[in-house]
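I opened the notebook to look up side-chain contacts, charged pairs to begin with and aromatic rings after them.

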Amino acid sequence: MLDLQTLVIYSLVVTFPAAYLAYRHSLRPTRTVPQPAQPPTQRPLKSIMQPARDDLAPPKDDPYTTEELKKYDGSTPGLPIYVAIKGTIFDVSHKADIYGPGRSYSIFAGKDGSKGLGMSSLKPEDAVADYSGLNENDRKVLDDWHAFFSKRYNVVGKVVDSPTSSL
């Protein structure tokens, strides 16, 4: 039979590792039962398009020549910024951060850039009033831009010497 000393050593050899493992296990964070993946919550997309305004002034029909329109490109402090589309002139002054000098759409300020808007082009050579060469899809885009501006910016006049006045 086993003597007492062998029995003590044997029990220590077995109990110490078991006690150590039990201690280590108690230090681990409890594991949670995996939950089924939840679909990410859908946040509404933030639109860069401003909403339609309900505080627009009645449209004006003041005549402007293309030469007069050039003064309203945002480069002269105190003067408003105008953009013309299909001969209709819109006051975009409250969006100087977009149409002001050096800004993303400044190419259209102080002129009728209908062709460029219809083509969705920011090239200076496309920002011209004559949109007669646009295909049907580009004309639709141009009409959409005109409708967009009509709902968001005050109409301040018409370009009288524009090639669009005959279209």
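I began in helix α5, where D144 and K140 are four residues apart and are therefore separated by about one helical turn. In this predicted model, I found that the side chains of these two residues, D144 and K140, meet in a salt bridge, with 2.9 Å from N to O. I then looked up how far each is covered: D144 has a relative accessible area of 39% and is partly exposed, and K140, with 48%, is partly exposed as well.

I next asked how many salt bridges the structure holds. I noted four of them, and went on to the one between K86 and D143, whose closest N and O atoms are 2.6 Å apart. K86 lies in the loop between β2 and β3 (88–91), whereas D143 belongs to helix α5 (residues 136–150), so this pair ties together parts that are 57 residues apart in sequence. For K86 I wrote down 28% relative accessibility, which counts as partly exposed, and for D143 I wrote down 37%, which also counts as partly exposed.

I also recorded the salt bridge that E67 forms with K70, where the closest N and O atoms are 3.3 Å apart. Here E67 is exposed, with a relative accessible area of 53%, while K70, at 48% relative accessibility, counts as partly exposed.

I turned to the rings and noted that the structure holds twelve aromatic pairs. One of them joins Y72 and Y82, with ring centres 4.5 Å apart and planes at 25 degrees, so I entered the pair as stacked, since planes under 30 degrees apart count as such. Y72 sits in the loop between α2 (66–69) and β2 (82–85) and Y82 in strand β2 itself, so the pair ties together parts that are ten residues apart in sequence. Are these two tyrosines, Y72 and Y82, buried or exposed? I found that Y72 is buried and that Y82 is buried too.

I then looked up Y99 and Y105, which form a tilted aromatic pair, with 6.2 Å from centre to centre and 40 degrees between the planes. The two partners are covered to different extents: Y99, at 6% relative accessibility, counts as buried, but Y105, at 30%, counts as partly exposed. Finally I asked which residues the ring pairs link into a cluster, and I listed F90, Y99, Y105, F108, W145, F148, F149 and Y153.

Technical notes:
Residues are numbered from 1 along each chain as its sequence is written. This is a predicted model: local features need pLDDT of at least 70, side-chain atom pairs count only at pLDDT 80 or more; totals for chains, interfaces and linings use all residues. Side-chain values use heavy atoms; hydrogens and water are left out. Rings of Phe, Tyr and Trp (its six-membered ring) pair if their centres lie within 6.5 Å; planes under 30 degrees apart count as stacked, over 60 as edge-to-face and the rest as tilted. Helices (H or I, at least four residues) and strands (E, at least two) are DSSP runs, numbered from the N terminus. Buried means under 20% relative accessible area, exposed over 50%, partly exposed in between (1.4 Å probe, protein chains only). A salt bridge is a side-chain nitrogen of Lys or Arg within 4 Å of a carboxyl oxygen of Asp or Glu.
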